[in-house]
Amino acid sequence: MHPEIVREVPGSCPICGMALEPVTVTGDEAENPELKDMTRRFIVGVALATPLFVLGMMHLMASWALWTQFALATPVVLWGGWPFLQRGWQSVRTWNLNMFTLIALGVGMAYGYSLVALLAPGFFPPAFRDEHGRVGVYFEAAGVIVVLVLLGQVMELRARGRTNSAIRALLDLAPPTARRIAAGNVEEDVPLAAVHPGDRLRVRPGEKVPVDGVVLDGASAVDESMMTGESLPVEKRQGDKLVGATLNGTGMLVMRAEKVGSETLLARIVQMVAEAQRTRAPIQRLADRVSAWFVPAVVLSAVVAAIAWAIVGPEPRLAYALTIAVSVLIIACPCALGLATPMSIMVAAGRGAQEGVLFKDAAAIEKLREVDTLVVDKTGTLTEGRPAIASVRTVPGMAESELFHLAGSLEQGSEHPVAAAIVTGAAARSVLLETATEFKSHTGRGVTGRIGEQAVALGNATLMKELDISIEALLQEAAQLSRDGQTVMYVAVGGKLAGTIGVADPVKATTVEALKLLQADGMTVVMVTGDNRVTAEAVARKLGLSRVEAEVLPDQKVAVVKRMQAEGNVVAMAGDGINDAPALAQADVGIAMGTGTDVAMQSAGVTLVKGDLRGIVRARALSQATIRNIRQNLFFAFFYNVIGVPIAAGILYPVFGLLLSPVFAAAAMSFSSVSVIGNALRLRTARLS
């Protein structure tokens with residue numbers, strides 16, 4: 001929470017009281033001892049506080065009932081609530097007043113008052129005792145406060161534990177071993193940690209590239225989408241760069257390792273995500289903002305009131321002074337203050353889930369309303385993330401169905417995304433396919449083969465030139481389609497051009513409407529992608545976006561977000577791929593597509609379950625409604641204190657003879673909590689569009 005606090009051993013932050021997080025995250029998910037401890041205290045607390053609450057609500061004044069409440073409340077307060085009492089004392093000792101100050105104050109006063117009332121009822125004036133000389137106790141208030149706070153701590157600890165799961169998922173991307181070619185061309189599988197720069201490694205078909213390096217021999221198509229966001233595999237041949245954790249296609253590669261360990265791109269991405277998570281400021285609860293003056297003001301009011309009653313009050317003065325002081329502290333108990341924010345957050349999170357918007361934490365809910373700039377990844381966020389047929393052109397005499405029959409038959413044995421799009425296009429047109437013979441793959445250029453008696457070639461202009469096939473008839477039109485963002489493949493039959501098939505990553509059906517709604521809501525939308533500039537600008541034109549950053553690598557995406565933040569903008573980042581994870585973590589609010597990778601969702605503060613950007617509009621409306629609701633809740637919480645504290649201090653006694661007993665102080669405290677809960681529940685029906 002406070003990056004300036006760094007310790008060599010685990011413990012609590014001296015400023016906010018929360019547990020410190022480890023700086024280095026490993027792939028092993030170790031058990032959180034604090035979560036285990038808080039969960040155990042919560043379970044025991046619930047078991048004891050439930051009968052305690054029932055007894056308290058019955059208002060039984062019999063000795064057995066009072067002693068039973070004492071027996072039930074004591075372990076809940078002194079054992080279950082010990083961490084909060086300890087942190088509260090630490091906050092006072094160091095004068096870093098926070099929510100633990102209020103919790104410790106409320107629990108301590110309620111329990112302390114009740115203990116005195118049980119053990120020494122004669123210390124109180126007759127007006128506070130029944131006919132048997134007993135005084136009402138508030139053990140149930142102390143016990144229930146502890147249990148509620150423990151519940152909140154368990155939920156927060158679990159959420160904090162999930163923040164590191166994104167890093168663990170990234171670490172799991174790297175293969176555990178690499179196949180090293182030693183002297184004499186002897187090959188062996190070695191642990192990744194044993195790979196050194198300069199080692200020769202073999203990457204077999206379907207394997208992950210172990211480390212960053214360069215191709216020495218072989219050719220293949222490598223899927224780099226998890227790093228670059230580019231939906232199409234990249235052809236690799238001698239001299240080309242390889243990135244660790246990317247997926248090799250059907251070819252065999254021999255590579256030289258250049259960057260290993262912490263120097264690889266994957267390791268740097270992991271480091272960037274970790275740093276962004278550590279430096280991201282959490283939500284600054286409104287209750288903590290005012291606690292700096294609220295706690296001293298309440299304590300001062302109690303002390304002043306006690307001194308005044310001890311000096312000029314009626315007899316027994318000391319008993320009245322103590323009773324007044326306790327009444328002031330009980331009415332200022334932070335029940336409603338503690339519920340004000342988490343109740344609204346809980347209801348808002350549930351409402352968000354109904355709308356297809358998942359919030360990772362309260363910080364995302366609070367910050368989203370302030371966002372003025374939205375950085376959007378193209379592939380899989382604005383687009384579907386998988387190639388599809390975008391255009392078909394044929395020469396005179398060639399039917400479209402026949403073109404798809406020949407092209408689909410040739411490509412049906414390939415796993416290349418373009419091939420898959422052509423085969424899918426043939427199926428959509430109910431075209432029957434047959435088995436190709438003499439199939440040959442021309443790396444980076446296309447494929448050739450025979451369909452029946454016909455020689456068929458499918459590929460780019462380079463392949464057509466090599467086969468001495470003229471493409472002039474469709475060249476100009478194909479060039480225009482390329483400028484529109486399509487990957488154009490030429491189809492030749494019997495040595496003559498038959499047509500072209502254009503493949504593109506289609507824009508999602510909801511994207512245009514979503515962008516209009518976001519811009520109408522005052523957001524500046526910037527498209528950032530690893531795709532080439534021609535494709536990126538073509539998509540931007542279709543979507544009506546004036547700002548686009550193309551050919552951007554993962555670390556550059558982070559730089560784009562940082563630059564916009566440095567300009568004073570509150571930035572949200574929307575993406576779906578592993579390559580987006582560092583930028584999602586760096587942004588003020590990360591927004592992941594539910595249709596994307598787990599790493600993106602774990603790095604983001606908000607997940608759109610359906611991958612629909614219109615969810616951001618609903619999420620912003622919910623964020624605004626939630627913060628309004630929290631402020632209203634805090635008003636309710638403080639309103640009763642502002643009115644109740646002076647009355648509890650006895651301000652009405654000189655004129656009206658009215659004195660507020662702790663019973664009414666507790667009632668006012670309870671009513672403020674009910675008001676807060678009721679107001680928070682209104683978020684379930686808030687209008688979000």
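## A predicted chain of helices and strands

Of the contacts in the chain with a separation of 6 or more, 67% are between residues 24 or more positions apart. The model is a predicted one, and its chain holds 25 helices and 22 strands. Of the 689 residues in the chain, 51% are buried.

### Confidence along the chain

The pLDDT averages 81 over the chain, and 83% of the residues score at least 70. Confidence is highest in strand β3 (residues 200-203), with a mean of 95, and lowest in helix α8 (residues 265-279), where the mean is 61. Over residues 279-284 the pLDDT stays under 50, and for this stretch the model has 12 contacts beyond four places in sequence.

### Strand pairings

Strands of a sheet pair through backbone hydrogen bonds, and they may do so in the parallel or the antiparallel sense. The table lists several pairs of strands from this model, with the direction and the number of bridges for each pair.

| Strand | Partner strand | Direction | Bridges |
|---|---|---|---|
| β3 | β9 (residues 253-259) | antiparallel | four |
| β4 (residues 212-218) | β9 | antiparallel | six |
| β5 (residues 220-223) | β8 | antiparallel | two |
| β11 (residues 373-377) | β20 | parallel | four |
| β20 | β21 (residues 589-593) | parallel | four |

Strand β9 is thus a partner of β3 and also of β4. Within β9, L253 is the bridge partner of V203, while V254 is the bridge partner of D217.

Strand β5 belongs to an open sheet of three strands, which are arranged in the order β6-β5-β8 with antiparallel pairing. Because β6 (234-236) and β8 (247-248) stand at the edges and have a single partner strand each, one side of each is left without a neighbour in the sheet. Where β5 meets β8, the bridge partner of D223 is L247 in β8.

### An enclosed strand

Is strand β20 (residues 571-575) largely enclosed by the rest of the structure or left open? Five of its five residues are buried, so β20 is largely enclosed by the rest of the structure. In a regular strand the side chains alternate between the two faces of the sheet. Both faces of β20 are covered, since V571, M573 and G575 on one side are all buried, as are A572 and A574 on the other. Among the residues just named, M573 is the bridge partner of V375, and G575 stands opposite A592 in β21.

### The nonpolar core and helix α23

In soluble globular proteins, nonpolar side chains tend to be buried together. In this model the largest nonpolar core has 69 residues, and those with the most contacts inside it are F359, L374, I591 and L613. Helix α23 gives the most to this core, with 12 residues. Leaving aside residues up to four places away in sequence, F359 touches A364, I365, L368, G605, V606, A619 and L622.

Helix α23 covers residues 614-648. Its 35 residues should span 51 Å at 1.5 Å a residue, and because its end C-alpha atoms are 51 Å apart, the model agrees with that expectation. The helix is followed by G650, which has a positive phi near 95°.

One residue of α23 that can be followed in detail is N633. With a relative accessibility of 0%, N633 counts as buried. Its side chain is joined to that of S344 by a polar contact of 2.8 Å. When residues up to four places away in sequence are not counted, N633 touches A340, S344, V676, N679 and A680.

### Two residues with positive phi

Two further residues have a positive phi, although neither is a glycine. The phi of N185 is near 60°, and this residue lies in the loop between β1 (177-181) and β2 (187-191). Because its relative accessibility is 55%, N185 counts as exposed. For E438 the phi is about 55°, and its place is in strand β13 (residues 437-442). At a relative accessibility of 59%, E438 counts as exposed as well.

Note on methods:
Residues are numbered from 1 along each chain as its sequence is written. This is a predicted model: local features need pLDDT of at least 70, side-chain atom pairs count only at pLDDT 80 or more; totals for chains, interfaces and linings use all residues. Side-chain values use heavy atoms; hydrogens and water are left out. Buried means under 20% relative accessible area, exposed over 50%, partly exposed in between (1.4 Å probe, protein chains only). A polar contact is a pair of N or O atoms within 3.5 Å; within protein, one must be able to donate a hydrogen and the other to accept it, and residues adjacent in sequence count only if both atoms are side-chain atoms. Contact means heavy atoms within 4.5 Å. The expected span of a helix is 1.5 Å times one less than its number of residues. Two strands pair if DSSP finds at least two bridges between them. pLDDT is the predictor's confidence in each residue, from 0 to 100. A nonpolar core is a set of buried Ala, Val, Leu, Ile, Met, Phe, Trp, Tyr and Cys residues joined through side-chain atoms within 4.5 Å.
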